[in-house]
Amino acid sequence: MIYLVLTRKTPYKPKSRSGRPRVMDIRSDRQIQRMASSQKMSVREITGASRLQISNNTVHRRIIESGYMIHAKMARRLPLSKLQISKRLQWARNHMSYGDKWMAILFSDERKWNLDGPDGNIKYWHDLRKEPGSFFSRQNGGRSVIVSVSTVKWVWPF
């Protein structure tokens, strides 16, 4: 097989793709991927900013085809520092041997409603080669209502 390819008089060309030809070239694909990665633009914004007549689905497919972009939910808080992580881990280790003392602790269920709109549902195109993004939900502390439902388990010292 290799001998036939090397000795052929006409240069080797791959077969043309069947179906509709692509509207975009490789350069346009990279431009779309760059816009999604660096400018935190949505698919609609990228479609509007490109000079080509392409659909939102085409832009979405090109971003996914890159292999290093995912549509991820943005973290609501800044990541924990090394000191905070070590303190939480130390607390957990100290309380592992609590045993029956956990039976005297009251656990409650809470539900929080924000009065000034939803928070925490921000999605963006995350470039896996970069650090994940995060945001603060409110700068000056928003207004919310918390309803608590407690499950009481009585432990009598008999």
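**Exercise 1. Which side chain does R62 meet in a salt bridge at 3.3 Å, N to O?**

Before starting, note that this is a predicted model, where local features need pLDDT of at least 70, side-chain atom pairs count only at pLDDT 80 or more, and totals for chains, interfaces and linings use all residues. Residues are numbered from 1 along each chain as its sequence is written, and side-chain values use heavy atoms, with hydrogens and water left out.

Step 1. Get the rule straight: a salt bridge here is a side-chain nitrogen of Lys or Arg within 4 Å of a carboxyl oxygen of Asp or Glu. In general, side chains of opposite charge can pair when their charged atoms come close.

Step 2. Look around R62: the partner is D29, at 3.3 Å from N to O.

Step 3. Place the two residues. R62 sits in helix α4 (residues 56-65) and D29 in helix α2 (residues 26-38), so this pair ties together parts 33 residues apart in sequence. Helices are DSSP runs of H or I with at least four residues, strands are runs of E with at least two, and both are numbered from the N terminus.

**Exercise 2. Follow the salt bridges outward from D29 and R62.**

Step 1. From D29, go to R22: their closest N and O atoms are 2.6 Å apart in a salt bridge.

Step 2. From R62, go to E65, where the side chains meet at 3.5 Å, N to O. These two are 3 residues apart in helix α4, which means about one helical turn separates them.

Step 3. Put it together: through shared partners, R22, D29, R62 and E65 join into one network. A search of the whole structure finds 4 salt bridges.

**Exercise 3. Sort the four network residues into buried or partly exposed.**

Step 1. Take the cut-offs: buried is under 20% relative accessible area, exposed is over 50%, and partly exposed is in between (1.4 Å probe, protein chains only).

Step 2. D29, at 9%, counts as buried, and R62, at 7%, is buried too.

Step 3. R22 comes out partly exposed at 38%, and E65 is also partly exposed, at 49%.

**Exercise 4. Find the largest nonpolar core and say which helices feed it.**

Step 1. A nonpolar core is a set of buried Ala, Val, Leu, Ile, Met, Phe, Trp, Tyr and Cys residues joined through side-chain atoms within 4.5 Å.

Step 2. The largest one has 12 residues, among them M24, I32, M35, M41, I46, I63 and W125.

Step 3. Helices α2, α3 (43-49) and α4 each supply at least two of its residues, and α2 gives the largest share, 3 residues.

Step 4. Zoom in on M35: leaving aside residues up to four places away in sequence, M35 touches K40, M41, I46 and A49. A contact means heavy atoms within 4.5 Å.

**Exercise 5. Step back and describe the whole chain.**

Step 1. Count the elements: there are 5 helices and 4 strands.

Step 2. Read them along the sequence, and the pattern is α-α-α-α-β-α-β-β-β.

Step 3. Check burial: of the 158 residues, 18% are buried.
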